[in-house]
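Here is a short set of exercises to work through with the model open beside you. Try each task before reading its solution.

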Amino acid sequence: VHSFGFRYRLHVKKLPGKPDLVFRQRKKVIFVHGCFWHQHASCREGRIPDSRREYWQSKLAKNVERDAAHIAQLAAAGWKTLVIWECGMRNLVELGQELTDFLSENRCDKRL
Ligand SMILES: [Zn+2]
């Protein structure tokens, strides 16, 4: 992210969910989520294994619930959140564009 010219802080523990990147002046945060642990919808990496399916389903559902709660708490405090998925890290050009869009926008839309 630094290479795109944005200044940020890493892992600010005071904020809900300990976002991976925090842009204090812009009041924006970014989470980098693993597709499996955070259940990236319609992503191959987010598929639940066939063995011990129920165990994984409830465990991962809790992660997703927690993520949603953190994002809601952040929004309530005036922070905008962007979630970057692990699988999206493979395409750096697209990722750079997404970051730039997110950090330069002032509109109130939340993209997940
Ligand atoms: Zn994914």
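The exercises below go from the overall fold to the metal site, the cores, the aromatic rings and the backbone.

This is a predicted model, in which local features need pLDDT of at least 70, side-chain atom pairs count only at pLDDT 80 or more, and totals for chains, interfaces and linings use all residues. Residues are numbered from 1 along each chain as its sequence is written, and side-chain values use heavy atoms, with hydrogens and water left out.

**Exercise 1. The fold**

Work out which pattern the helices and strands follow along the protein chain.

Step 1: Count the elements. The protein chain has two helices and four strands. Both are DSSP runs numbered from the N terminus (helices H or I, at least four residues; strands E, at least two).

Step 2: Put them in sequence order. The pattern reads β-β-β-α-β-α.

Step 3: Look at burial and contacts. Of the 112 residues, 36% count as buried; buried means under 20% relative accessible area, exposed over 50%, and partly exposed in between (1.4 Å probe, protein chains only). Contact means heavy atoms within 4.5 Å. Among contacts with a separation of 6 or more, 51% come from residues 24 or more positions apart.

**Exercise 2. The zinc site**

Find the residues that coordinate the zinc ion and state the geometry of the site.

Step 1: List the donors. These are N, O and S atoms within 2.8 Å of the metal (3.2 Å for Na, K and Ca); water is not among the atoms, so sites may look incomplete. For the zinc ion they belong to C35 (SG), H40 (ND1), C43 (SG) and C87 (SG), at 2.0 to 2.4 Å.

Step 2: Check the angles. Four donors count as tetrahedral if all angles lie between 85 and 135 degrees. Here the angles among the four donor atoms are 101 to 115°, and the site is tetrahedral. For comparison, the ideal angle for four tetrahedral donors is 109.5 degrees.

Step 3: Trace the donors along the chain. Their spacing is C-x4-H-x2-C-x43-C. C43 and C87 link distant parts of the chain, 44 residues apart: C43 is in the loop between strand 3 (28–33) and helix 1 (53–76), and C87 is in the loop between strand 4 (80–85) and helix 2 (92–104).

Step 4: Ask about burial. C43 is buried, with a relative accessible area of 13%.

**Exercise 3. The nonpolar cores**

Identify the residues of the largest nonpolar core and the elements that give two or more residues to it.

Step 1: Apply the criterion. A nonpolar core is a set of buried Ala, Val, Leu, Ile, Met, Phe, Trp, Tyr and Cys residues joined through side-chain atoms within 4.5 Å.

Step 2: Collect the members. The largest core has twelve residues: V12, L15, V22, V29, F31, C35, C43, I71, L74, W79, V83 and W85. Strand 3, helix 1 and strand 4 are the elements that give two or more residues to this core.

Step 3: Look for another core. Apart from this one lies a core of nine residues, including L21, L95, F102 and L103.

Step 4: Follow one member. Beyond its neighbours within four places in sequence, F31 is in contact with residues including P16, G17, I71, L74 and V83.

Step 5: Turn to H70, in helix 1. H70 touches P16 and G17, leaving out residues up to four places away in sequence, and H70 counts as buried at 19% relative accessibility.

**Exercise 4. Aromatic rings**

Classify the pairs that F36 makes with W37 and with W56.

Step 1: Set the criteria. Rings of Phe, Tyr and Trp (its six-membered ring) pair if their centres lie within 6.5 Å; planes under 30 degrees apart count as stacked, over 60 as edge-to-face and the rest as tilted. The structure holds four such pairs.

Step 2: Take F36 and W37. Their centres are 5.4 Å apart and their planes at 75°, so the pair is edge-to-face. W37 is partly exposed, with a relative accessible area of 41%.

Step 3: Take F36 and W56. With centres 5.4 Å apart and planes at 65°, this pair is edge-to-face. F36 sits in the loop between strand 3 and helix 1, and W56 in helix 1, 20 residues apart. W56 is buried, with a relative accessible area of 17%.

Step 4: Join the rings. F36, W37, Y55 and W56 form one aromatic cluster.

**Exercise 5. Positive phi**

Decide whether S42 is buried or exposed, and give its phi.

Step 1: Recall the background. Most residues other than glycine have a negative phi.

Step 2: Read the values. S42 has a positive phi of about 55°, lies in the loop between strand 3 and helix 1, and counts as exposed at 83% relative accessibility.

Notes. Tetrahedral: all angles 85-135°; square planar, octahedral: opposite > 155°, others 65-115°.
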